Amino acid sequence: MRTTQNRRRLAAVVLALAAMSTVAACGSEPAEKKAEAATAAISAFEPGAKLTPDKAKKVVQAAAKSMSTVHVEMEITAVEDGESTEGMGEGDFQQEPLGFHVKGKVSDLEGPTNVEFVTLEDVAYANMDGEWVKGGIANLMAVVMPPPHLFLESVTRAIATDSTMYVGEESVEEIDTAHYTFSAGETDFGAEGSLVDVFVDSDGKLVRLRMNGGDSGTVDFGFSAHGEQVTIEKPSGKITDMSDMDM
């Protein structure tokens with residue numbers, strides 16, 4: 001009974017977070033395209049210079065392709081009807097085969113709930129109180145804590161014309177990065193006009209991605225350990241299949 005109550009509560013928390021998340025899981029690029037090396041991203045532009053939409057997309061797409069594997073830290077805050085719900089997590093991501101494993105917590109007025117989430121290709125699993133479920137609420141978790149390449153694809157598609165600016169060089173976790181900012185449209189994780197900040201190092205690797213959706217909330221990704229070996233596997237033990245449940 002307690003597990004059922006916790007499922008319902010977690011579902012409510014996740015739905016609140018998911019209210020600001022409109023991205024849908026989509027197909028990934030062909031393997032040969034993912035294998036292309038990212039070009040150097042420290043810009044030759046002067047701070048304050050504007051980038052064309054094509055150049056802006058190339059910066060973000062090159063950064064996305066650099067993440068064959070990466071360690072991810074994420075914080076998400078969603079605000080709905082004046083109430084704030086927060087999610088934070090840390091884990092690993094790999095592009096081929098697509099996998100994402102994150103542990104963290106979601107918090108609302110009733111307090112924090114520990115969560116663990118795994119996505120393998122198009123299948124999502126979530127752990128609540130030591131019990132793994134497949135589909136259902138796990139699919140909602142896939143929206144709340146998306147694999148970073150899906151988030152990047154979403155905001156890249158939504159870059160507003162003539163909104164991208166090279167801010168300048170900036171240190172992030174003692175790494176020299178090029179800082180770009182742009183406005184995004186309705187197809188990203190926040191409201192139309194959300195401000196997105198992208199930080200890439202001199203090798204074109206993404207170090208930080210931050211989105212401020214104003215009244216709807218914020219999303220903040222930190223990336224490290226690019227290219228290091230990771231192991232992401234299907235959860236072991238009993239898994240309850242909730243794939244047929246409407247959430």
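The following exchange examines a predicted model of one protein chain.

Colleague: On what footing do the values stand in this predicted model?

Modeller: Residues are numbered from 1 along each chain as its sequence is written, and side-chain values use heavy atoms, with hydrogens and water left out. As the model is predicted, local features need pLDDT of at least 70 and side-chain atom pairs count only at pLDDT 80 or more, whereas totals for chains, interfaces and linings use all residues.

Colleague: How many helices and strands does the protein chain have?

Modeller: Helices (H or I, at least four residues) and strands (E, at least two) are taken as DSSP runs and numbered from the N terminus. On that basis the secondary structure of the protein chain comes to 5 helices and 12 strands.

Colleague: What percentage of the 247 residues of the protein chain counts as buried?

Modeller: A residue is buried under 20% relative accessible area, exposed over 50% and partly exposed in between, with a 1.4 Å probe and protein chains only. Helix α5 (residues 148-157) is mostly covered, with 9 of its 10 residues buried, among them L150, F151 and L152. For the 247 residues of the protein chain, the buried portion is 48%.

Colleague: What percentage of the contacts with a separation of 6 or more joins residues 24 or more positions apart?

Modeller: Contact means heavy atoms within 4.5 Å. Among contacts in the protein chain with a separation of 6 or more, the part from residues 24 or more positions apart is 59%.

Colleague: Which class does the aromatic pair of F93 and F100 belong to?

Modeller: Rings of Phe, Tyr and Trp (its six-membered ring) pair if their centres lie within 6.5 Å; planes under 30 degrees apart count as stacked, over 60 as edge-to-face and the rest as tilted. By this rule there are 3 aromatic pairs. For F93 and F100, the centres are 6.3 Å apart and the planes stand at 75°, and the pair is edge-to-face.

Colleague: Which class does the pair of F221 and F223 belong to, and why?

Modeller: Both F221 and F223 are buried. Their ring centres are 5.7 Å apart and their planes meet at 5°, so the pair is stacked.

Colleague: Which element gives the most residues to the lining of the largest pocket?

Modeller: On a 1 Å grid over the protein atoms alone, a pocket is an open set of points with protein on both sides within 12 Å along at least five of seven lines, a cavity is a set where a 1.4 Å probe fits but cannot get out, and lining residues have an atom within 4 Å of a point. The largest pocket holds about 400 Å³, a volume being the space filled by probe spheres set on the points, which are joined across faces, edges and corners. Of its 18 lining residues, E73, M74, E173, F221 and G222 lie nearest the centre. The largest contribution, 5 residues, comes from β11.

Colleague: Is G222 buried, partly exposed or exposed?

Modeller: G222 is found in strand β11 and is in contact with H71, V72, E73 and V207, leaving aside neighbours within four places in sequence. Because its relative accessibility is 23%, G222 counts as partly exposed.

Colleague: How many charged residues does the lining of the largest cavity have?

Modeller: There is 1 cavity of 30 Å³ or more, and the largest cavity has a volume of about 40 Å³. L51, A56, V59, V60, T164, Y180, F182 and V198 line the largest cavity. Ala, Val, Leu, Ile, Met, Phe, Trp, Tyr, Cys and Pro count as nonpolar, Asp, Glu, Lys and Arg as charged, and the others, Gly among them, as polar. The lining of the largest cavity thus divides into 7 nonpolar and 1 polar, and the number of charged residues is none.

Colleague: Where is P97, the residue joined to E96 by a cis peptide bond?

Modeller: The bond from E96 to P97 has omega near -15° and is cis. The place of P97 is the loop between β2 and β3.

Colleague: Is E174 buried or exposed?

Modeller: E174 has a positive phi of about 65° although it is not a glycine, and E174 lies in the loop between β7 (165-172) and β8. Because the relative accessibility of E174 is 79%, the residue counts as exposed.
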